[in-house]
Amino acid sequence: MSDISFVRTEMLPEQDPPASTVGLIGWLRENLFSGWFNSILSLVSIYVIYVILSGLLSWAISPTWGAHSLNECREILAGLGREGHYAGACWGVISERWLQLMFGFYPPEHYWRVILAFVLVGVGLAPVLFDKAPRALLWFTPIFPFAVAWLLWGGTIWGPLVAMAGFVVGYFAYRFVSGIAGGLLGIIAAFAAPVIWWLFLAGPVAGALGAILPIGIEAVESRQFGGFMLSVTIGITAILISLPLGIVLALGRQSNLFIVKALCVGFIEFIRGVPLITLLFVASTLLNIFMPPGTNFDIILRVIIMVTLFAAAYMAEVIRGGLAALPKGQYEGADSLGLNYWQAQRLIIMPQALKISIPGIVSTFIGVFKDTTLVSIIGLLDPLGLSNAIRADTNWNGIVWEIYGFIALVFFIFCFSMSRYSMYLERKLQTGHH
């Protein structure tokens, strides 16, 4: 009798998926041609991209790297039959002035100091940014800012060492005062003692030590700083200091102590309500008025302070958003474990708040780095300030797109790298809800 059952008694062999759903064809069908409307949009977009890229590439591919003036560029292009204002890029300006765009007017014989300084920045930040970096480098992390400052500005080595000693003074002031008068007064002393040290004692102490044992390298004045070196110096310093300062301000804004909360709220709202360019004008013109007579307050240091305070105010609001996003149960869990305020913040609350705030923190970092171009308005020669000086040269008068394109490309590399690191950090910490 024949088997007429409708239930199959043997397994079907596995088959490959349809060719139209995998590989390049599958990706194109899913992302570009999933329907008639998306197909039309994709074709129009591809045509627009082709038109833009073809024009851009034909302009950018130009054999003018060896030219020494705009007229020489035009002669080279005319010899190839390419006439017109946009016949081709004049890359000779980049070939001739790229060192100036990178280092400003820093003495060429000391370029090694700048390169070494930024290598040390990478070494110092590596164990903080990447968990696979050698942990032994962590001892260098708190030291590298002072080493970098000494390499860039030069002078006696006692200046950075005495500045570093200010943090030691703050630590001992905290231990001493908190043991006598309580934790709050200890924290105030920890902030006040280093400021007093740096303002009134650091200079004479460094001078006395330098007279006894003169060790140092040739000093370089701030007016010789410029180009991307200046932007990176201001940007990295502001980024590194604004994050911890923003954390302190965010916690202060949520404090139950009225005076602390009022000071933090007032500072944040005032800084966020004032344009950065106004603060830079204050740094360049008014800040010296509030210093003791005879004090020579470096202009770049003044700018760094203002940019850092500006970034810290925005950072505080980003971190406050992360703190507000945490459920109340996290705070209650910390209390149930018997943790005090600072232990709860360090072990439970702040790690989660910072994880939530990663996109906002990195966006603030990118904005701060791009805002360093505003220093050209107060006379500092960042890349944009140098571009105006280069275009004032009769040999390069009329050059626009080549210089601005090069500056935009370098800024894009820095900002894109920060953005990619943010995405890497989010994936590593699995930010979000699953």
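## Salt bridges

This predicted model holds eight salt bridges. One of them joins Lys428 to Asp131, with the closest N and O atoms 3.7 Å apart. The pair links distant parts of the chain. Lys428 sits in helix H17, and Asp131 in the loop between H5 and H6. In sequence, 297 residues separate the two. Lys428 is partly exposed, at a relative accessible area of 35%. Asp131 also counts as partly exposed, at 46%.

Glu221 and Arg223 form another salt bridge, and here the closest N and O atoms are 2.5 Å apart. Glu221 is partly exposed, with a relative accessible area of 44%. Arg223 counts as exposed, because its relative accessibility is 63% and the cut-off for exposed is over 50%.

## A network between H10 and H12

Arg272 forms a salt bridge with Glu317, the closest N and O atoms being 3.9 Å apart. Arg272 belongs to helix H10 and Glu317 to helix H12, so the bridge ties together parts that are 45 residues apart in sequence. Arg272 is partly exposed, at 34% relative accessible area. Glu317 is buried, at 17%. The cut-off for buried is under 20%.

The pair is part of a wider set. Salt bridges link Arg253, Glu269, Arg272, Glu317 and Arg320 into a network.

Ile268 touches two members of this network, Arg253 and Glu317. Ile268 lies in helix H10 and is buried, with a relative accessible area of 0%. Beyond its neighbours within four places in sequence, Ile268 also contacts Leu249, Ala313 and Ala316. Ala316 is 48 residues from Ile268 in sequence. In space, the C-alpha atoms of Ile268 and Ala316 are 7.6 Å apart.

## The largest nonpolar core

The largest nonpolar core has 58 residues. Within this core, the residues with the most contacts are Tyr106, Phe225, Val303, Val307 and Leu323. Several helices each supply at least two residues: H5 (111–129), H6 (144–153), H9 (227–253), H10 (258–272), H11 (276–286), H12 (299–325), H14 (341–356) and H15 (358–371). Helix H12 gives the largest share, 13 residues.

Apart from this core lies another, of 28 residues. Val93, Val362, Phe411 and Tyr421 are among its members.

Which residues does Val303 contact, leaving aside its neighbours within four places in sequence? They are Ile234, Leu280, Ala283, Val375, Ile378 and Leu380.

## Aromatic pairs

A search of the whole structure finds 20 aromatic pairs. Tyr106 and Phe225 form one that is edge-to-face. Their ring centres are 5.6 Å apart, with 70° between the planes. The pair links distant parts of the chain, 119 residues apart. Tyr106 is in the loop between helix H4 (92–103) and H5. Phe225 is in the loop between strand E2 (216–217) and H9. Tyr106 is buried, at 1% relative accessible area. Phe225 is buried too, at 2%.

The rings of Phe369 and Phe411 have their centres 5.2 Å apart. Their planes meet at 50°, so this pair is tilted. It also links distant parts of the chain: Phe369 in helix H15 and Phe411 in helix H17 (residues 401–429), 42 residues apart. Phe369 counts as buried, at 4% relative accessibility. Phe411 counts as buried, at 9%. Both rings belong to a cluster in which ring pairs link Phe228, Phe369, Phe406, Phe411 and Phe414.

## A nonpolar surface patch

Which residues form a nonpolar patch on the surface? They are Trp36, Phe37, Ile40, Leu41, Val44, Tyr47, Val48, Tyr50, Val51 and Ile52. Together they have about 1100 Å² of accessible area.

Ile40, one of the patch residues, is found in helix H2 (residues 36–60). Is Ile40 buried or partly exposed? Ile40 is partly exposed, with a relative accessible area of 46%.

Terms used
Residues are numbered from 1 along each chain as its sequence is written. This is a predicted model: local features need pLDDT of at least 70, side-chain atom pairs count only at pLDDT 80 or more; totals for chains, interfaces and linings use all residues. Side-chain values use heavy atoms; hydrogens and water are left out. A nonpolar core is a set of buried Ala, Val, Leu, Ile, Met, Phe, Trp, Tyr and Cys residues joined through side-chain atoms within 4.5 Å. Buried means under 20% relative accessible area, exposed over 50%, partly exposed in between (1.4 Å probe, protein chains only). Helices (H or I, at least four residues) and strands (E, at least two) are DSSP runs, numbered from the N terminus. Contact means heavy atoms within 4.5 Å. Patches are made of residues with over 30% relative accessible area and no salt bridge: like charges are joined within 9 Å, nonpolar side chains (Val, Leu, Ile, Met, Phe, Trp, Tyr) within 5 Å. Accessible areas come from the Shrake-Rupley method with a 1.4 Å probe; for residues, only the protein chains shown count as cover. A salt bridge is a side-chain nitrogen of Lys or Arg within 4 Å of a carboxyl oxygen of Asp or Glu. Rings of Phe, Tyr and Trp (its six-membered ring) pair if their centres lie within 6.5 Å; planes under 30 degrees apart count as stacked, over 60 as edge-to-face and the rest as tilted.
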